[in-house]
Amino acid sequence: MMKNSNLNADTIQVRDIGARLHAYRVGRGLSPEDLAAQLGISRAALYRAEKERSSRSIR
């Protein structure tokens with residue numbers, strides 16, 4: 001049962017990444033293209049991450 005609790009906590013933290021990326025980008029006045037270039041990913045990948053639609057590993 002504890003194992004499932006940990007999984008749920010990890011899932012919540014991962015889902016929060018999209019909101020944090022968006023807040024970081026907007027707070028610094030960056031376009032999606034600018035932040036994606038800085039991160040070395042495509043604009044589409046950033047969009048998916050911000051919208052929490054990505055199934056990619058963050059490891």
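A polar contact of 3.2 Å joins the side chains of Glu 50 and His 22, and that pair is a handy way into this predicted model. The protein chain has 3 helices and 0 strands. Glu 50 sits in helix 3, which covers residues 43–50, while His 22 belongs to helix 1. Glu 50 also pairs up with Arg 25 through a salt bridge, so much of what follows circles around Glu 50 and its partners.

**The chain as a whole**

- Reading from the N terminus, the elements run α-α-α.
- Helix 1 spans residues 2–27, helix 2 takes in residues 32–39, and helix 3 runs over residues 43–50.
- Of the 59 residues in the protein chain, 14% are buried.
- The chain exposes about 5,000 Å², and carbon and sulfur atoms supply 51% of that area.
- If you take the contacts with a separation of 6 or more, 41% of them are between residues 24 or more positions apart.

**Glu 50 and its surroundings**

- Is Glu 50 buried or exposed? With a relative accessible area of 12%, Glu 50 is buried, because the cut-off for buried is under 20%.
- Setting aside neighbours within four places in sequence, Glu 50 is in contact with Gly 18, Ala 19, Leu 21, His 22 and Arg 25.
- Two of those contacts come with side-chain polar contacts: one to His 22 at 3.2 Å and one to Arg 25 at 2.8 Å.

**Arg 25, the salt-bridge partner**

- Arg 25 is found in helix 1, and at 10% relative accessibility it counts as buried.
- The side chains of Arg 25 and Glu 50 meet in a salt bridge, 2.8 Å from N to O.
- Because Glu 50 lies in helix 3 and Arg 25 in helix 1, this salt bridge ties together parts that are 25 residues apart in sequence.
- Both ends of the bridge are buried, with Glu 50 at 12% and Arg 25 at 10%.
- Leaving out residues up to four places away in sequence, Arg 25 touches Leu 30, Ser 31, Pro 32, Leu 35, Leu 46 and Glu 50.

**His 22, the other polar partner**

- His 22 is partly exposed, with a relative accessible area of 35%, whereas Glu 50, across the polar contact, is buried.
- Where does His 22 stand relative to Leu 35? Their C-alpha atoms are separated by 9.7 Å, and the two residues are 13 apart along the chain.

**The second salt bridge**

- How many salt bridges does the structure hold? There are 2.
- Besides the Glu 50 and Arg 25 pair, Arg 43 forms a salt bridge with Glu 33, and the closest N and O atoms are 3.4 Å apart.
- This pair links distant parts of the chain, with Arg 43 in helix 3 and Glu 33 in helix 2, 10 residues apart.
- Arg 43 is partly exposed, with a relative accessible area of 45%.
- Glu 33 also counts as partly exposed, at 43% relative accessibility.

**Helix 3 up close**

- Which residues of helix 3 are buried? They are Ala 45, Leu 46 and Glu 50.
- Looking down the axis of helix 3, those buried residues fall within an arc of 135 degrees, so they line one face of the helix.
- As background, an α-helix has 3.6 residues a turn, so residues three or four places apart point the same way.
- Leu 46, on the list of buried residues, is also among the residues that Arg 25 touches.
- Arg 48 lies in helix 3 too, but at 33% relative accessibility it counts as partly exposed.
- Arg 48 and Gly 18 are 30 residues apart in sequence, and their C-alpha atoms are 8.2 Å apart in space.
- Gly 18 is one of the residues in contact with Glu 50 as well.
- Just after helix 3, Glu 52 takes a positive phi of about 60 degrees.

Note on methods. Residues are numbered from 1 along each chain as its sequence is written. This is a predicted model: local features need pLDDT of at least 70, side-chain atom pairs count only at pLDDT 80 or more; totals for chains, interfaces and linings use all residues. Side-chain values use heavy atoms; hydrogens and water are left out. Helices (H or I, at least four residues) and strands (E, at least two) are DSSP runs, numbered from the N terminus. Buried means under 20% relative accessible area, exposed over 50%, partly exposed in between (1.4 Å probe, protein chains only). Contact means heavy atoms within 4.5 Å. Accessible areas come from the Shrake-Rupley method with a 1.4 Å probe; for residues, only the protein chains shown count as cover. A polar contact is a pair of N or O atoms within 3.5 Å; within protein, one must be able to donate a hydrogen and the other to accept it, and residues adjacent in sequence count only if both atoms are side-chain atoms. The arc is that of the directions from the helix axis to the C-beta atoms. A salt bridge is a side-chain nitrogen of Lys or Arg within 4 Å of a carboxyl oxygen of Asp or Glu.
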